[in-house]
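Reader: I am new to this structure. Please take a close look at a single part of it, and then go on to how other parts pair and pack.

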Amino acid sequence: MYIQELWSENRDVSHLEIIGSLLRKELQKHRVVRKDMSYLGLMIEDWWAQLSNKDCSNRNINQLRQFIEKNLLPQELVVIRSIGLETSGVVGVLYENLFNTEDRNLAFLVHEAMTHIAGVLDIQYPYEDHKEIFPKQDQGIVTDWDKGYGIIRPHSDGIYEGRDISGICLTVCKDISATPTWFWFQKDIVKELTDDDLGYLAMSRATYISGTNVEDKVIKSTKPILRIDEREGISLRLDFRIDDAVGPRMQLQDERAQRIFDKMRASLKTIKPTASKPSTGSVGILANLKILHGRGPLDFNLLSEGENSRILFRSKGIR
Ligand SMILES: [Fe+2]
């Protein structure tokens with residue numbers, strides 16, 4: 001809260017450097033936990049094998065949720081529930097081998113169970129089919145869209161929405177192209193900026209615009225770039241996507257803010273992102289507004305099974 005008070009009390013530009021320095025210190029605390037969950041994956045596979053009615057019913061989701069909560073190591077449960085909280089510093093977990101059978105229903109059940117355990121309340125927007133992600137064959141190379149084949153630049157989901165989407169969950173059902181999702185820490189994205197520039201950016205506003213993902217309309221929202229939340233602490237609202245239809249998804253308020261943003265964009269190529277394991281049974285739960293995600297292009301040649309080549313489940317919502 002100190003940062004906001006420092007600025008709102010007197011709006012003194014000499015404070016920008018202090019604000020930038022404080023913000024950088026906060027971002028430095030962010031970390032991702034990666035873990036092989038084979039011990040639990042084997043139990044889930046047994047549960048699945050014995051399940052008589054292998055459908056996607058709420059009954060099965062709840063049963064699996066309880067099963068996972070019972071068998072998950074208690075310290076894991078603590079970590080999952082602390083994702084994105086100011087006090088924890090954990091901005092994401094990347095779990096591997098939570099299951100290994102390539103089955104849509106099993107992947108969906110695990111995805112839903114983990115999403116519920118993490119406390120992510122998925123929001124279904126009427127204008128976006130967001131839960132199941134697969135490469136749409138009839139779309140060609142569309143960039144910055146999760147169903148296109150082109151690259152997806154670093155971003156946080158749904159900043160253009162009125163309500164902040166603080167949590168996302170991403171589950172790999174199958175991916176014969178083995179294309180990882182990449183994650184960028186905000187501390188890395190801002191590392192080329194001076195404290196003064198970082199302070200200026202944080203105190204600026206930007207307009208966030210929906211893209212190809214939203215059907216038949218464009219949603220816009222102007223917000224402060226710095227997000228301050230009582231439980232989740234501080235983060236930056238950033239989106240580097242350039243939509244084929246609407247252009248840059250994040251528009252800065254003035255020339256200086258734009259220059260700073262461009263500097264960050266230029267530095268992206270020097271940052272090594274954290275990569276998910278692109279195989280069946282990988283589940284990532286991320287603090288959407290604290291760590292950015294994206295991926296490289298999908299290789300046509302590796303997608304011989306068409307839309308069935310790569311199936312991911314994604315939930316996004318409040319926590
Ligand atoms: Fe996304």
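Author: In helix 6, the buried residues are Leu106, Ala107, Phe108, Leu109, Val110, His111, Glu112, Ala113, Met114, Thr115 and Ile117. A residue is called buried if 20 or more other C-beta atoms lie within 10 Å of its own, exposed if 12 or fewer do, and partly exposed in between, with C-beta atoms placed from the backbone. Helices (H or I, at least four residues) and strands (E, at least two) are DSSP runs, numbered from the N terminus. The model is a predicted one: local features need pLDDT of at least 70, side-chain atom pairs count only at pLDDT 80 or more, and totals for chains, interfaces and linings use all residues. Residue numbers start from 1 along each chain, as its sequence is written.

Helix 6 covers residues 104–117. Because 11 of its 14 residues are buried, helix 6 is largely enclosed by the rest of the structure. Its length also agrees with expectation: at 1.5 Å a residue, the 14 residues should span 20 Å, and the end C-alpha atoms are 20 Å apart. The expected span is 1.5 Å times one less than the number of residues. Just after helix 6 comes Gly119, with a positive phi of about 75°.

Further along the chain is strand 3, residues 121–122, which is joined to strand 18 by 2 bridges and runs antiparallel to it. Two strands count as paired if DSSP finds at least two bridges between them. In this pairing, Leu121 stands opposite Ile318 of strand 18.

Strand 18 spans residues 310–318, and 8 of its 9 residues are buried, so that the strand is mostly covered. Strand 4, residues 132–133, pairs with strand 18 in the antiparallel sense over 2 bridges, and there Glu132 has Phe313 as its bridge partner. Strand 6, residues 167–175, is likewise antiparallel to strand 18, over 8 bridges. Two of the facing pairs between strand 6 and strand 18 are Lys174 with Ile311 and Ile168 with Lys316.

Strand 6 is mostly covered as well, with 9 of its 9 residues buried. Strand 16, residues 283–287, pairs with strand 6 in the antiparallel sense over 5 bridges. The bridge partner of Gly167 in strand 16 is Ala287.

Next come two open sheets. One has 4 strands in the order 5-17-7-15, with antiparallel pairing. Strand 5 (152–155) and strand 15 (274–275) stand at its edges with a single partner strand each, so one side of each is left without a neighbour in the sheet. Within this sheet, strand 7 (residues 181–185) and strand 17 (residues 291–295) pair over 5 bridges, and Phe183 stands opposite His293 of strand 17.

The other open sheet has 3 strands in the order 9-8-14, again with antiparallel pairing. Strand 9 (220–224) and strand 14 (250–252) each have a single partner strand, so each is an edge with one side lacking a neighbour in the sheet. From one strand to the next, the twist averages 25°. Strand 8, residues 205–209, pairs with strand 14 over 3 bridges; Thr207 stands opposite Gln251 there.

Last come two helix packings. Helix 3 (residues 38–50) and helix 4 (residues 58–71) pack at about 145°, with their axes 11 Å apart. Axes are lines fitted to C-alpha atoms, for helices over the stretch in contact, and angles run from 0 to 180 degrees between N-to-C directions. The crossing of helix 3 and helix 4 is right-handed. A crossing is right-handed if the near helix is turned clockwise from the far one by less than a right angle, and left-handed if anticlockwise. Leu40, Met43 and Trp47 of helix 3 make the contact with Leu64, Phe67, Ile68 and Asn71 of helix 4. Residues are in contact if their C-beta atoms, placed from the backbone, lie within 7 Å. By class, this contact has 6 nonpolar residues, 1 polar and no charged. Ala, Val, Leu, Ile, Met, Phe, Trp, Tyr, Cys and Pro count as nonpolar, Asp, Glu, Lys and Arg as charged, and the others, Gly among them, as polar.

Helix 8 (residues 195–202) and helix 9 (residues 255–267) have axes that come within 10 Å and cross at roughly 115°. Their crossing is left-handed. Asp197, Tyr200 and Leu201 of helix 8 meet Arg256, Ala257 and Ile260 of helix 9. The contact of helix 8 with helix 9 has 4 nonpolar, no polar and 2 charged residues.

Methods: Contact = placed C-beta atoms within 7 Å.
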